[in-house]
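Biologist: Could we go through this model together? I would like to begin with one residue and work outwards from there.

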Amino acid sequence: GNTKKSALSAYGSLIIRDWEALIDSGSSESHLETLLAICRDKQASIKVKKVAFKALGDVSTNYFGSSLTQQPKNYEANKKVCQLMCEAILSDINLEKESASSSMALYAIGNLARILKQSPRILMDPLVVLPIIQLQ
C-alpha cells in the first residue's frame with residue numbers, strides 16, 4: 001500500500017542527473033521494468049496505479065531528457081523503452097476508460113508525447129508513434 005506508493009513516487013522524483021547515473025551503472029532498464037510492471041498489473045489497486053502512472057509521466061520527461069539517452073548508441077534501447085511505456089499506458093486507457101487511474105495514464109502519455117516531439121529519432125519509428133496516434 002503506502003510503502004509501494006512511496007517507492008513509486010520516488011521514481012517520479014528522479015531528475016535527469018539521477019537517470020544518467022542509473023544509465024551509466026547499467027541499472028536504468030531494471031528500474032523502468034519495475035515501474036512498467038506495476039502500471040500493467042491488473043491486480044494493483046487504483047491508488048497504486050495512479051501513483052505509478054504519475055511516476056511514469058515524470059520519468060519519461062527526465063529519462064528521455066537526459067543527454068545520454070540522446071546519444072546514437074541508445075536509440076534502439078530508447079525505442080524499446082518508449083514502446084513498452086506506450087503499451088502500458090494504452091492498455092490502461094483502453095481497458096479502463098472510466099477508471100480513476102486513466103487520468104494519470106493520460107498524464108503519462110501527454111508527457112511522453114511532449115518529450116518524443118523533441119526526439120525525432122524516436123518518433124521516426126512507426127512502432128512507437130502508431131499507438132499514440134491511434135489513441136485519438
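Modeller: Certainly. Please note that this is a predicted model. A good place to begin is N111, which is buried, with a relative accessible area of 10%.

Biologist: Where is N111 placed?

Modeller: N111 belongs to helix α6.

Biologist: And which residues does N111 touch, leaving out those up to four places away in sequence?

Modeller: With those left out, N111 touches G57, D58, S60 and T61. The side chain of N111 is also joined to that of T61 by a polar contact of 3.4 Å.

Biologist: Which residues of α4 and α6 meet?

Modeller: On the α4 side they are I46, K49, K50, F53, K54, L56, G57, D58, S60, T61 and F64. Their partners in α6 are S101, M104, A105, Y107, A108, N111, L112, R114 and I115.

Biologist: What is the geometry of α4 and α6?

Modeller: Their axes come within 8 Å and cross at roughly 5°. An angle under 35 degrees counts as roughly parallel, so α4 is roughly parallel to α6.

Biologist: How do the residues of that contact divide by class?

Modeller: The contact of α4 with α6 has 10 nonpolar, 5 polar and 5 charged residues.

Biologist: I46 is in that list. Is I46 buried or exposed?

Modeller: I46 falls in between: this residue of helix α4 is partly exposed, with a relative accessible area of 35%. In space, I46 and S102 are 9.3 Å apart, C-alpha to C-alpha, and in sequence they are 56 residues apart.

Biologist: What about G110, in helix α6?

Modeller: G110 is partly exposed as well, at a relative accessible area of 36%. Its C-alpha lies 9.8 Å from that of S60, and the two residues are 50 apart in sequence.

Biologist: Let us turn to the interior. Which residues of the largest nonpolar core touch the most other members?

Modeller: Those are L56, M85, I89 and L112, in a core of 33 residues. At least two residues of this core come from each of α1 (2-12), α2 (16-25), α3 (28-40), α4 (46-64), α5 (75-95) and α6 (101-117). The largest share, 8 residues, is supplied by α4.

Biologist: Is there a general tendency behind such a core?

Modeller: In soluble globular proteins, nonpolar side chains tend to be buried together.

Biologist: Take M85, then. Which residues does M85 touch, again leaving out those up to four places away in sequence?

Modeller: On that basis, M85 touches L32, L36, L56, V59, S60, F64 and L112. L56 and L112 are, like M85, among the core residues that touch the most other members.

Biologist: Back to α4 for a moment. Is N62, which lies in that helix, buried or exposed?

Modeller: N62 counts as buried, at 18% relative accessibility. The cut-off for buried is under 20%. Not counting residues up to four places away in sequence, N62 touches L14, I15, I16 and W19.

Biologist: W19 is in α2, I believe. Which residues meet between α2 and α3?

Modeller: W19, L22 and I23 in α2 meet S28, H31 and L32 in α3. By class, this contact has 4 nonpolar, 2 polar and no charged residues.

Biologist: How do the axes of α2 and α3 cross?

Modeller: They cross at roughly 115° and come within 7 Å.

Biologist: What about the loop between α4 and α5, where N74 is found? Is N74 buried or exposed?

Modeller: N74 is buried, with a relative accessible area of 16%. Apart from residues up to four places away in sequence, N74 touches L68 and T69. N74 and I23 are 51 residues apart in sequence, and their C-alpha atoms are 9.9 Å apart.

Biologist: Finally, the whole chain. How many helices and strands does the chain have?

Modeller: There are 8 helices and 0 strands, and the pattern along the sequence reads α-α-α-α-α-α-α-α.

Biologist: What percentage of the residues count as buried?

Modeller: Of the 136 residues of the chain, 44% do.

Biologist: And among contacts between residues at least 6 apart in sequence, what percentage join residues at least 24 apart?

Modeller: The figure is 68% for this chain.

Definitions and conventions:
Residues numbered from 1 in each chain as written. Predicted model: local features only at pLDDT ≥ 70, side-chain atom pairs only at ≥ 80, totals over all residues. Heavy atoms only, no water. Core = buried A, V, L, I, M, F, W, Y, C linked by side-chain atoms within 4.5 Å. Buried < 20%, exposed > 50% of the residue type's maximum accessible area, 1.4 Å probe, protein only. Helix = DSSP H or I, 4+ residues; strand = E, 2+ residues; numbered from the N terminus. Contact = heavy atoms within 4.5 Å. Axes fitted to C-alpha atoms, helices over the stretch in contact; angles between N-to-C directions. Parallel < 35°, antiparallel > 145°, perpendicular 65-115°, else oblique. Nonpolar A, V, L, I, M, F, W, Y, C, P; charged D, E, K, R; others polar. Polar contact = N/O pair within 3.5 Å; in protein donor to acceptor, adjacent residues only side chain to side chain.
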